[in-house]
Amino acid sequence: VVYTQSEILQREVYLFERLDSPNREPMKHLKAICFLRPTKENVELLVQELRRPKYSVYFIYFSNVISKSDVKALAEADEQEVVAEVQEFYGDYIAVNPHVFSLNLLGCCRGRSWEPAQLARTTQGLTALLLSLKKCPMIRYQLSSEPAKRLAECVKQVITKEYELFDFRRTEVPPLLLILDRSDDAITPLLNQWTYQAMVHELLGINNNRIDLSRVPGISKDLREVVLSAENDEFYANNMYLNFAEIGTNIKNLMEDFQRRKPKEQQKLESIADMKAFVENYPQFKKMSGTVSKHVTVVGELSRLVAERNLLEVSEVEQELACQNDHSSALQSVRRLLQSPRVSELDAARLVMLYALRYERHGSSGLPALLEELRGRGGTDRYRKLVSAVVEYGGKRVRGSDLFSPKDAVAITKQFLKGLKGIENVYTQHQPLLQETLDQLIKGKLKDSQYPYLGPNTLRDRPQDIIVFLIGGATYEEALAVFNLNRSNPGVRIVLGGTTIHNTRR
């Protein structure tokens, strides 16, 4: 996620191995850098390695705090004294964007309580993040969520136990860690997205910055898997938060720029200087050609899927379900789409889920009829079960906050003005609940009764450093909201993390 292979090669690292691969050859002329999570299995593998070392020297880095007993076990195994150093380098999480991180964990809870192994892993990931950012925070959590309270307590325990590590220079306003639960807003991960990064994840899936394009009709061999990373792709960095309509225009400009710079086929390479200029410009040209073909392919595939799955129409109804309160119109729209052969089974199920979350307690709910319709489409009960599972996970009984609050007059007027500005805003009316929560937090209006502090102390000033963590996964729509909040609130820095990063399929 952090480095491309060519960047690592420039630092003279030219062999990559896994510690658990069985048939590694001894290469005594090489030094080894080991970067590992400090798990029992890894320490055991390292002990085996040090008993019969394959390389001349070992530099060992653990991505988190390692216990004294494990260090002792390694020291005892190192009879040939090949270990040059052992360090803790806190990187026990995946840095996705400059302000977003993930732990790549799927399914962290069973019902309303943590899986013990996942709780331990999440605690480690979160404390490593705090250590790498050098923050010893005050902690607030969502009161309605038992998992949020448990995680807050576990993080606090580690901070207390490792107090020497967390002894950072005090800032005027202490940093704040806010722990939330995905079940408070099950709507956001179910919506189609219309900004570049979120849309790619929704329709193609992003896995550690990689996109699998092998299912694209007629794809060339070298584009079957591509990397989208803002670190080393300027076009992506500039466009990841823009709307799909703008991306199209920007791709066109990128291509035109590329055509202009293309080395002329009949370019006269008469003098040495000509050849030198050609060779010097060639890597730039090659890099740009890679970027152009990659983004043209990705955007082309996105628009193919949007057309094939009729997503403009589907998304308009989703937004209506999420943002407006007109039951009969919503029910009619969902019915109409369920009967359309152009709507995929996944999208049909998604619409019924959104309807169920929105109108579960409505007097004249059309849910039973919609579920029958859904069953008729697929011939199985699979999606029916999923609909009730989603309501059980994120329904009204569970939520601690008001997900569908009656919007006040000011908000409605804003909504109306926003709607006049451009037609595609129909598709981006929805704001995730997180946006409102963080907005309240920044203004110092987030209620202690719903989001209590852990421990006796509270924050008197407006928070400046905020780390917000979503148990059960964050989304790229929320990443966009955090990006915008950071931009519009100078002096406030927000980092968003989650056990995973969701799209609808996940």
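This briefing walks through the cavities, two helices and a few backbone oddities of the structure above. Keep in mind that the model is predicted. It holds two cavities of 30 Å³ or more, with about 100 Å³ of space in the largest and a volume of about 70 Å³ in the second largest. Helix α6 turns up in two topics below: α6 gives the most to the lining of the second largest cavity, and eight of its eight residues are buried.

**The largest cavity**

- Rolling a probe the size of a water molecule over the atoms shows where empty space is left.
- The lining of the largest cavity is made up of Gln142, Leu180, Asp181, Arg182, Asp184, Asp185, Leu433, Leu434, Thr437, Tyr451, Leu470 and Glu478.
- Sorted by class, that lining has five nonpolar, two polar and five charged residues.
- Two elements, β9 (176-181) and α16 (433-442), each put in at least two residues.
- Of the elements, α16 gives the most to this lining, with three residues.

**The second largest cavity**

- Around the second largest cavity you'll find Thr188, Pro189, Leu191, Gln193, Ala198, His201, Glu202, Thr475, Tyr476, Glu477, His502 and Asn503.
- Here α6 (196-203) and α17 (476-488) are the elements that give two or more residues to the lining.
- The biggest share comes from α6, with three residues.
- The class split for the second largest cavity is four nonpolar, six polar and two charged residues.
- Domain 2 (94-185 + 432-502) and domain 3 (196-309) each supply at least three residues to the lining of the second largest cavity.

**Helix α6 and what follows**

- Helix α6 is mostly covered, and its buried residues are Tyr196, Gln197, Ala198, Met199, Val200, His201, Glu202 and Leu203.
- Among these, Ala198, His201 and Glu202 are buried and also line the second largest cavity.
- After α6 comes Gly205, with a positive phi near 90°.

**Helix α14, a two-faced case**

- How far apart are the end C-alpha atoms of helix α14? They sit 19 Å apart, which agrees with the 18 Å that its 13 residues (382-394) should span at 1.5 Å a residue.
- Which residues of α14 are buried? They are Tyr383, Val387, Val390, Val391 and Gly394.
- These buried residues cover an arc of only 100° around the axis, so they lie on the same side of α14.
- An α-helix has 3.6 residues a turn, so residues three or four places apart point the same way.
- On the face of α14 turned away from the buried side, you get the exposed residues Arg382, Lys385 and Glu392.

**Positive phi outside glycine**

- Most residues other than glycine have a negative phi.
- Glu81 isn't a glycine, yet its phi is positive, at about 50°.
- Glu81 sits in the loop between α3 (68-77) and β3 (83-88).
- With a relative accessible area of 67%, Glu81 is exposed, because the cut-off for that is over 50%.
- Asn209 also isn't a glycine, and its phi is positive, near 70°.
- Asn209 belongs to the loop between β10 (206-207) and β11 (210-212).
- Is Asn209 buried or exposed? At 9% relative accessibility, Asn209 counts as buried, because the cut-off is under 20%.

**Asn239 and a partner along the chain**

- Asn239 is part of helix α7 (residues 234-239).
- At 3% relative accessibility, Asn239 counts as buried.
- Asn239 and Thr195 are 44 residues apart along the chain, while their C-alpha atoms are separated by 8.5 Å.

Conventions:
Residues are numbered from 1 along each chain as its sequence is written. This is a predicted model: local features need pLDDT of at least 70, side-chain atom pairs count only at pLDDT 80 or more; totals for chains, interfaces and linings use all residues. Side-chain values use heavy atoms; hydrogens and water are left out. On a 1 Å grid over the protein atoms alone, a cavity is a set of points where a 1.4 Å probe fits but cannot get out, and a pocket is an open set with protein on both sides within 12 Å along at least five of seven lines; lining residues have an atom within 4 Å of a point. Grid points are joined across faces, edges and corners, and a volume is the space filled by probe spheres set on the points. Helices (H or I, at least four residues) and strands (E, at least two) are DSSP runs, numbered from the N terminus. Ala, Val, Leu, Ile, Met, Phe, Trp, Tyr, Cys and Pro count as nonpolar, Asp, Glu, Lys and Arg as charged, and the others, Gly among them, as polar. Domain bounds come from an automatic or database domain assignment. The expected span of a helix is 1.5 Å times one less than its number of residues. Buried means under 20% relative accessible area, exposed over 50%, partly exposed in between (1.4 Å probe, protein chains only). The arc is that of the directions from the helix axis to the C-beta atoms.
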